[in-house]
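Subject: Handover of a structural model

Dear colleague,

Please find below the structure I wished to pass on to you, together with its sequence. My notes on it follow directly after.

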Amino acid sequence: MGLESCATTWQSGGDPASTAVGSLSEGFSIGLLLPDAKAPRYEKFDRPYIVQRVAELCPKCEVVYRNAGGEPKRQQRQLASMLAAGVKVLILDPVEPKGIAAWVALAKNQGARVVAYDRLASGPVDAYASFDNIQAGRMQGRSLLDAIRIGGDPRRGEIVMVNGSPADQHAGDLKKGAHQVLDGQVTIGREYDAPGWSPYRAGVAVNGAFTALGADRVIGIYAASDAMADGIATVLRYAGVTPGTPLTGRGAELEAVRRILLGAQTMTVYLPIRSVARSAARIAVDLGVGRTVSGTAALSNGTVVSIPSTMIAPVVVDRGNVKETVIKDGYWTAAEICAPPPVRTACRAEGLI
């Protein structure tokens with residue numbers, strides 16, 4: 001039977017999530033499939049938080065870990081290998097949410113439970129744990145609008161929007177949330193999608209916008225991620241744009257926090273990974289032992305109409321609250337943030353060191 005056949009023969013409700021595949025007394029294996037080795041968050045935060053929480057909830061359970069390194073086919077092979085080894089509970093952060101659907105169906109047909117993590121995988125998943133990315137987009141839009149208003153009438157110039165990859169559900173949610181705030185409040189001179197969330201493509205797009213609009217007309221830039229903001233910030237340094245032109249981000253990456261302290265980026269959205277990772281681990285254990293799971297929302301992925309979903313609220317990080325957010329949570333230490341000499345001076349000014 002091929003994977004496409006698996007996808008079409010699965011029926012919602014035919015394999016109830018309340019059926020146990022293991023027990024706390026004997027333990028069972030939980031597969032953890034993460035998408036990317038480049039972003040530091042997965043090895044530094046997601047993996048250890050999930051492993052730690054599983055150990056607390058089910059001391060005899062084992063977490064089997066694989067990272068796809070950004071390659072969809074590798075992730076498919078990793079998932080198939082776990083199923084062949086008898087893993088019956090999967091925490092899956094898909095490289096390609098739609099492309100993994102048939103493999104999720106294969107897992108379900110083999111009696112496995114699937115927790116979509118971070119990105120909502122297509123296919124018959126049992127539950128979902130992630131961040132509220134529409135809210136994150138609204139936060140980005142609100143921060144950008146507020147920063148523009150400090151300089152005067154938000155209609156005095158134009159903004160440029162650089163959204164994330166059109167293939168990624170996160171990018172669509174962020175874009176939707178940002179537009180909910182910005183539409184009707186500012187003039188969007190140019191808007192682009194950056195395939196692969198590419199910093200290079202983001203920089204090229206903004207450079208093209210400056211050529212078309214005139215750099216002096218651009219009063220703010222929406223960047224959907226910190227990585228893209230990095231590419232854009234490089235362009236800003238050489239484009240003749242007013243220093244401190246508002247620029248958004250998302251991810252609370254180390255360089256982004258430094259840019260915020262130096263005034264080269266307005267804000268970032270911090271995703272409390274510990275909370276969502278611990279939620280995913282709890283859901284995985286509950287599904288494994290046959291408990292019914294619930295969430296803060298019920299979402300659809302096009303295959304399942306009402307997926308119990310736990311959505312964690314993101315947090316805005318700006319120059320004034322670095323200490324109370326990413327440092328307090330241990331996401332970055334003051335020593336890490338303030339290591340470069342130019343940043344050290346800004347850290348002293350903000351009382352970080």
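What covers the buried residues of α10? The cover includes the strands β1 (29-34), β3 (89-92), β4 (113-117), β5 (127-131) and β11 (307-312), together with helix α2 (41-57). Please bear in mind throughout that this is a predicted model.

**Helix α10**

Helix α10 comprises residues 273-288, and 12 of its 16 residues are buried, so the helix is largely enclosed by the rest of the structure. The buried set consists of I273, V276, A277, S279, A280, A281, I283, A284, V285, D286, L287 and G288. The length of the helix is also as expected: at 1.5 Å a residue, its 16 residues should span 22 Å, and the C-alpha atoms at its two ends are indeed 22 Å apart. Just after α10 comes G290, which takes a positive phi of about 90°.

**The chain as a whole**

The protein chain contains 13 helices and 12 strands. Its radius of gyration is 22 Å, close to the 20 Å that the globule rule gives for 353 residues, so the chain is as compact as a globular protein of that length. Along the principal axes, the C-alpha trace spans about 60 × 45 × 30 Å.

Of the 353 residues, 53% count as buried. Among contacts in the chain with a separation of 6 or more, 72% are made by residues 24 or more positions apart. The accessible surface comes to about 14600 Å², and carbon and sulfur atoms contribute 51% of it. As to charge, there are 38 positive and 33 negative side chains, and the centres of these two sets lie 2 Å apart.

**Helices α4 and α5**

Helix α4 (residues 101-109) is mostly covered, with eight of its nine residues buried. These are A101, A102, W103, V104, A105, L106, A107 and K108. After α4 comes G111, whose phi is positive, near 85°.

K108 also serves as a reference point for G141, which is located in helix α5 (residues 133-150). The two residues are 33 apart in sequence, and their C-alpha atoms are 39 Å apart in space. G141 is buried, with a relative accessible area of 0%. Apart from its neighbours within four places in sequence, G141 is in contact with V181 and L182.

**Helices α3 and α11**

Q78 belongs to helix α3 (residues 72-84). With a relative accessibility of 11%, Q78 falls under the 20% cut-off and counts as buried. When residues up to four places away in sequence are set aside, Q78 touches L33, R66, N67 and A68.

T325 is part of helix α11, which covers residues 323-327. T325 is buried too, with a relative accessible area of 8%. Not counting residues up to four places away in sequence, T325 touches Y270, V315, V316 and V317. Its C-alpha atom is separated by 35 Å from that of V289, a residue 36 positions away along the chain.

**Positive phi outside glycine**

Most residues other than glycine have a negative phi. Two residues therefore deserve a look in the light of that general rule.

D118 has a positive phi of about 75° although it is not a glycine. D118 is found in the loop between β4 and β5, two strands that are among the elements covering the buried residues of α10. The relative accessible area of D118 is 2%, which makes it a buried residue.

A252, likewise not a glycine, has a positive phi of about 55°. A252 lies in the loop between α8 (226-238) and α9 (254-262). A252 is buried, with a relative accessible area of 0%.

**Where to begin**

Should you wish to start with a single element, I would propose α10, with 12 of its 16 residues buried and a cover that includes β1, α2, β3, β4, β5 and β11. The loop residues D118 and A252 could follow, given their positive phi values of about 75° and about 55°.

With kind regards

Note on methods: Residues numbered from 1 in each chain as written. Predicted model: local features only at pLDDT ≥ 70, side-chain atom pairs only at ≥ 80, totals over all residues. Heavy atoms only, no water. Helix = DSSP H or I, 4+ residues; strand = E, 2+ residues; numbered from the N terminus. Expected span 1.5 Å × (residues − 1). Buried < 20%, exposed > 50% of the residue type's maximum accessible area, 1.4 Å probe, protein only. Contact = heavy atoms within 4.5 Å. Rg over C-alpha atoms; globule rule 2.2 N^0.38 Å. Areas by Shrake-Rupley, 256 points an atom, 1.4 Å probe, with all protein chains shown as cover. Lys, Arg positive; Asp, Glu negative; His and termini not counted. Charge placed at Lys NZ, Arg CZ, Asp CG, Glu CD.
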